[in-house]
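Reader: I have a model open in front of me and I would like to learn how to read it. Could you take me through some of its features, one by one?

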Amino acid sequence: KNLSDGISVLSNEEAVLSSLNKLRQITTDQDAVRTVEESILRAYIGASREARTRGNWDEARQFVAKGEPLALNTEAVGRLEAELSAIDVDRAISEGRLKQEQRDALEREKKLEIAQLVKRYDDSLLRDTPTEHDLSTAIDVLEQLKSVAPEHRLVKGGPSQLSDRLAATVTALGSAGKWQQADKLLLKFNRQLPPTSRLDDASQRVAAGIASVERKNEIAQAEAQKNKLEQHLAAAKFTASWETELRTQLRAIELSHGTKGELMSDVRQSIAGTYITAINGKIAGKHFTEAQNLLEQGEKYVPANLLSEIRQSLQVSLSKFDEENLKRDEDAEIEALKQTLLTQARALDIQNATQTLQRIQEVAPDDSFITLQARPEIAEAYARLADSMLGRKQISQARELVNQGLEYDQNSRKLNAQLKTIARMEQFADFERDLIGQKASL
């Protein structure tokens, strides 16, 4: 576009030619390059023709010379040669160097040339939908005819006719679904031909057709990318390489379709679902550190709100797990205290046993072990010590031990039986002392 606009008025010739060289370097589309070269060549021939009308013969020849590097086929060379011939003829006529016979002969040649050009023009448009070659030929003929007979009817009306015939061709190509080919023709000829209503309508249809094709291609590409991602998610391993591939695929979808829209919403939902399933599995297995790592990894690819429920579930499960661990630790501590108490009581280590009982009462005041085992075991220990004292006739010490034991188990049969035994032994001791006193008085 820039090349065509610039050369049309030759307002920035050096920059235009520099841009043409750059175009030759950066594109492999030789048709596009030839189209630009042809546009520049026509501009040089048109400038030469304009210089002829002003009688600037040397300037006209300079423009022809500039066009020679762009004349890359015999037809283009012929057009330049025809322009040089026209320069010579017009100059000769202007300078009055031609005789009447020569002028008559030139006029006949001119009429013959015009007739031949008109026939070539008509032959190029025999098809209802002319080909690219047909249109190029017709445009070339009009350029040559403009040099020979600038006032000819085809010079004035031919371009609009070609615009309508171009419209017919691109419409037919569009109907066959060949939108890219139609667009290529428009790109090549639109700037060489004047706009008409038919050509405008055809151009709009082509643009709409290309947009439709691109949309279908975009949908197909999106579906393919989404399916590929779904397959990757289905084989989720959550390794570094797997995560790298996920990141690559997600980035490709974002570059092709943007970061918003229904597709990206579906993609993020799928990614979130994959991580949620994996995190739930880790929670069920009580692998909370791994679950937390997966949660943090997933939040790099999807909005936090998509993982808010599983984050809350993880927190609840972790809290419950901590509570259960604490309960198990407490239960283990209580169980250890119970076993310690039983061992101490059975070893007659009453002092430590009572301290252990006090600790159990602090951490598990409602535990039935206290009344059903702990107190009876301590009471039993007192009973055993009391038996020892009774065996040595230490009745008062035995009574003290029994009384202490009853503080732990008032219903202890053994202690109560010992208490009765102690009472009898005390009565016997009193009787014995009285009898000894009576004997002494006699």
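Reader: Let's begin with cores. Which residues have the most contacts inside the largest nonpolar core?

Author: A nonpolar core is a set of buried Ala, Val, Leu, Ile, Met, Phe, Trp, Tyr and Cys residues joined through side-chain atoms within 4.5 Å. Buried means under 20% relative accessible area, exposed means over 50%, and partly exposed is in between (1.4 Å probe, protein chains only). In this model the largest such core has 29 residues, and those with the most contacts inside it are Tyr121, Leu162, Leu166, Val170 and Phe189. At least two residues of this core come from each of α6 (100-124), α7 (132-148), α8 (153-175), α9 (179-189) and α10 (197-234). Those helix names follow DSSP: helices are H or I runs of at least four residues, strands are E runs of at least two, and both are numbered from the N terminus.

Two notes on the source: residues are numbered from 1 along each chain as its sequence is written, and side-chain values use heavy atoms, with hydrogens and water left out. This is a predicted model, where local features need pLDDT of at least 70 and side-chain atom pairs count only at pLDDT 80 or more, while totals for chains, interfaces and linings use all residues.

Reader: What is Leu162 in contact with, leaving aside its neighbours within four places in sequence?

Author: Contact means heavy atoms within 4.5 Å. With those neighbours left aside, Leu162 touches Tyr121, Leu125, Leu135, Ala138, Ile139, Leu142 and Leu193. Apart from the largest core lies another core, of 27 residues, and Ile350, Ala386, Leu406 and Ile422 are among them.

Reader: Now for helix pairs. At what angle do α11 and α12 pack?

Author: Two packed helices are described by the angle between their axes and the distance between the axes. The axes are lines fitted to C-alpha atoms, for helices over the stretch in contact, and angles run from 0 to 180 degrees between N-to-C directions. Here α11 (residues 240-257) and α12 (residues 262-284) pack at about 165°, and their axes are 10 Å apart. The two helices are therefore roughly antiparallel; angles under 35 degrees count as roughly parallel, over 145 as roughly antiparallel, 65 to 115 as roughly perpendicular and the rest as oblique.

Reader: Which residues of α11 and α12 meet?

Author: From α11 come Trp242, Leu246, Leu250, Ile253, Glu254 and His257, and they meet Leu263, Met264, Val267, Arg268, Ile271 and Tyr275 of α12. By class, this contact of α11 with α12 has 9 nonpolar, 1 polar and 2 charged residues. For these classes, Ala, Val, Leu, Ile, Met, Phe, Trp, Tyr, Cys and Pro count as nonpolar, Asp, Glu, Lys and Arg as charged, and the others, Gly among them, as polar.

Reader: How are α3 and α7 packed: parallel or antiparallel?

Author: Helix α3 (residues 30-53) and α7 have an angle of about 10° between them, with axes 10 Å apart. That makes α3 roughly parallel to α7. In α3, Glu38, Arg42, Ile45, Arg49 and Arg52 meet Asp140, Glu143, Lys146 and Ser147 in α7. This contact of α3 with α7 divides into 1 nonpolar, 1 polar and 7 charged residues.

Reader: Next, backbone angles. Which sign of phi does Lys286 have, positive or negative?

Author: Most residues other than glycine have a negative phi. Lys286 has a positive phi of about 60°, although it is not a glycine. Lys286 sits in the loop between α12 and α13 (288-298), and at 45% relative accessibility Lys286 counts as partly exposed. Leu348, also not a glycine, has a positive phi of about 65°. Its place is the loop between α14 (308-346) and α15 (350-363), and Leu348 is partly exposed at 29% relative accessibility.

Reader: One last residue, please: is Ile395 buried or exposed?

Author: Ile395 counts as buried, at 17% relative accessibility. Ile395 is in helix α17 (residues 395-406). Leaving aside neighbours within four places in sequence, Ile395 is in contact with Ile422, Met425 and Glu426. Ile395 and Ala82 are 313 residues apart in sequence and 153 Å apart in space, C-alpha to C-alpha.
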